[in-house]
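Trainee: I would like to take a close look at one part of this protein with you. Could you walk me through it once we have it on screen?

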Amino acid sequence: MGMGSSAERHEAAAGGGAEEEEEEVEEEEAVREAECSQYKLQEYTTQLDTTNQSLEEVCLSVAIMNVTLAVKQYISKMIENSGPGMKVLLMDKETTSIVSVVYTQSEILQREVYLFERIDSQSRDSMKHLKAICFLRPTKENVQHLIQELRRPKYSVYFIYFSNVISKSEIKALAEADEQEVVAEVQEFYGDFIAVNPHLFSLNLQGVSRRRTDQVLSGQNRFPGRTWEPSMLSRCTQGLTSVLLALKKCPMIRYQLSSDMAKRLAESVKQIITKEYELFDFRKTEVPPLLLILDRSDDAITPLLNQWTYQAMVHELLGLNNNRIDLSRVPGISKDLREVVLSAENDEFYANNLYLNFGEIGTNIKNLMEDFQKKKPKGQQKLESISDMKAFVDNYPQFKKMSGTVSKHVTVVGELSRLVAERQLMEVSEVEQELACQNDHSNAQQNVRRLLQNPRVSELDAVRLVMLYALRYERHSSSILPSLMEELSRKGVSERYRRMVQSVVEYGGKRIRGSDLITPTDAVAITKQFFKGLKGVENMYTQHQPLLHDTLDQLIKGRLKDSQFPYLGASSLRDRPQDIMVFLIGGATYEEALTVYNLNRSTPGVRIVLGGSAIHNTKSFLEEVILATGHSGDRAQG
């Protein structure tokens, strides 16, 4: 390009046409810049287009439907692609959570990533000796932050990974900002969700729906009540399509007909699959995968129940947030245990006890303690020889790690035990289970009333019992709900909590539900329950099965009714489904995750992954209900 132009410029200069020369130089620079920008844009775009092929080896998770492994492999691939040398990992608020649940800081440090920074942080220093790995959601804000970063780069080279599909126009803006040519790579790695367990993911969203303002009060209105919060529909679509891309699935889609929100999400996901058809062009399997979209309002009972398996119980009583528990309120807690991490990926005891009930965990904690005592170095142990000292030093890291595990779990289980006793949760839970699983109104009303009069039953537990009663016996001719509401008032339960009873019925009552959540218990079922009860006392507290169990059981057997759960589009699945992804609008629970875990173990050839807009305990579920029913002046506390 340069030589002819250069000769022409000299000729023009000799002729004294200085202005013409300036114009030509400017024009030429503009052309060169445009060509350079075009070349860079092509290079960026080519990288993006080849992402799908280059990730063939990354997504080994295709065969095992494991969301934790999928995200881990993406992050591993990012670090690998950046090559040897010291690195900084640049993230946003959401990708920080996405990374932290699958990798510990120490694991990433071993891969030469020495610094973790937020892209929106104003106080970052320039460190030209570091390579930057950027893992960001493709939001407008993040693209703007990146543009600013590339105009004044703080690091030597940038490897940019977006957690979802990014538009060509935003790629163009980045290419134009990269004047110093510091960008080595731009790719899409579809880790746009929180991988909680291998078969469970969350989008950490609260308040996905709001009350309809256009509600027509007519018999024709099949979808009363709720509609999408617009930004949440978009985020759920992105999260779901990202899971499909991470697991390499192009599914058939079924949705819950009684939920307008489920239909809209199904259509929105389908739209992305159609638009990005090249990304979804995976190798066809004999039986196509299936995505089933459900609505939380079909089963408002499950998130209201106290839990008795380890992970679920920790979340219900202490609150699990991205694998972290805040124990700062625990009486006499030591400084180093104020916040603890519970991750099945790198805590063997937790991984082995995740789904066990509280009684078994108590026994296992005792065994862990005894094992620890045996391995613990004795105070009077003589370290006379070099080999003695070497043996002690060799064993010490393991001892230290074990010591941390023991003290952490002893503290957590100790606090759970304290709360169970203080709040009389065994008595409360027994009545909850009776309300959820049995059909004996006379017994139920007596038991609920008795517990409401017990001063040791907390405000939250009292109100949850009344909520369960209200959902269970909503249309019972002898309902004593007004009387129970008065009882709550006498107990001193705040008006905020009392108003939530009506909100829960509005959110998940009979008028809203598409499925038969509550079926009268017949003699056969009662007999089954009796024999179930003989197997162990724990069954009294865990007899409830979420509605999801029946839905998936019917689906696996090919009996799930098309009239209630239609396919999106003309085609339907003839064979028994094998790879099933379920998404719960309004949030899933750890009890439902346990159901999926058990179905995966007991049904060979079927692999299920469960996701939700959030993973709820009772408090966060009530928060969701308040936001959905428009009573936003109330907030679930306590």
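Trainee: Which residue forms a salt bridge with Arg 296, and how far apart are the closest N and O atoms? Please take your time and set that pair beside its surroundings and the other charged pairs.

Mentor: Happy to, and please keep in mind that this is a predicted model. The partner of Arg 296 is Asp 299, with the closest N and O atoms 3.7 Å apart. Both residues of this pair are buried. For the setting, buried residues make up 52% of the 638 residues in the protein, and the fold has 22 helices and 18 strands. The structure holds 30 salt bridges, so let us compare a few others, since side chains of opposite charge can pair when their charged atoms come close.

Take Glu 94 and Arg 137 next: their side chains meet in a salt bridge at 3.7 Å, N to O. Glu 94 sits in helix α4, while Arg 137 belongs to the loop between β3 and α6 (140–151), so this pair ties together parts that are 43 residues apart in sequence. Here the burial is mixed: Arg 137 counts as buried because its relative accessibility is 5%, whereas Glu 94, at 34%, is partly exposed.

Helix α4 itself spans residues 93–100, and Thr 95, Ser 97, Ile 98 and Val 99 are buried in it. The cover over these buried residues includes the helices α3 (67–81) and α5 (105–109), along with the strands β1 (87–91), β3 (131–136) and β6 (194–197). At the N-terminal end of α4, Asp 92 acts as a cap, with a side-chain oxygen 2.9 Å from the backbone nitrogen of Glu 94. Glu 94 therefore appears twice in this corner of the model, through its backbone nitrogen in the cap and through its side chain in the salt bridge with Arg 137.

Now look at helix α13 (residues 386–422), where Arg 418 and Glu 422 lie four residues apart, about one turn of the helix. Their side chains meet in a salt bridge of 2.8 Å, N to O. Glu 422 has a relative accessible area of 41% and is partly exposed; Arg 418, at 32%, is partly exposed as well.

Finally, salt bridges also join into a network, which links Glu 316, Arg 423, Glu 432, Asp 461 and Arg 464. Looking at the chain as a whole, residues 24 or more positions apart account for 81% of the contacts with a separation of 6 or more.

How values were computed. Residues are numbered from 1 along each chain as its sequence is written. This is a predicted model: local features need pLDDT of at least 70, side-chain atom pairs count only at pLDDT 80 or more; totals for chains, interfaces and linings use all residues. Side-chain values use heavy atoms; hydrogens and water are left out. Helices (H or I, at least four residues) and strands (E, at least two) are DSSP runs, numbered from the N terminus. Buried means under 20% relative accessible area, exposed over 50%, partly exposed in between (1.4 Å probe, protein chains only). Contact means heavy atoms within 4.5 Å. A polar contact is a pair of N or O atoms within 3.5 Å; within protein, one must be able to donate a hydrogen and the other to accept it, and residues adjacent in sequence count only if both atoms are side-chain atoms. A salt bridge is a side-chain nitrogen of Lys or Arg within 4 Å of a carboxyl oxygen of Asp or Glu.
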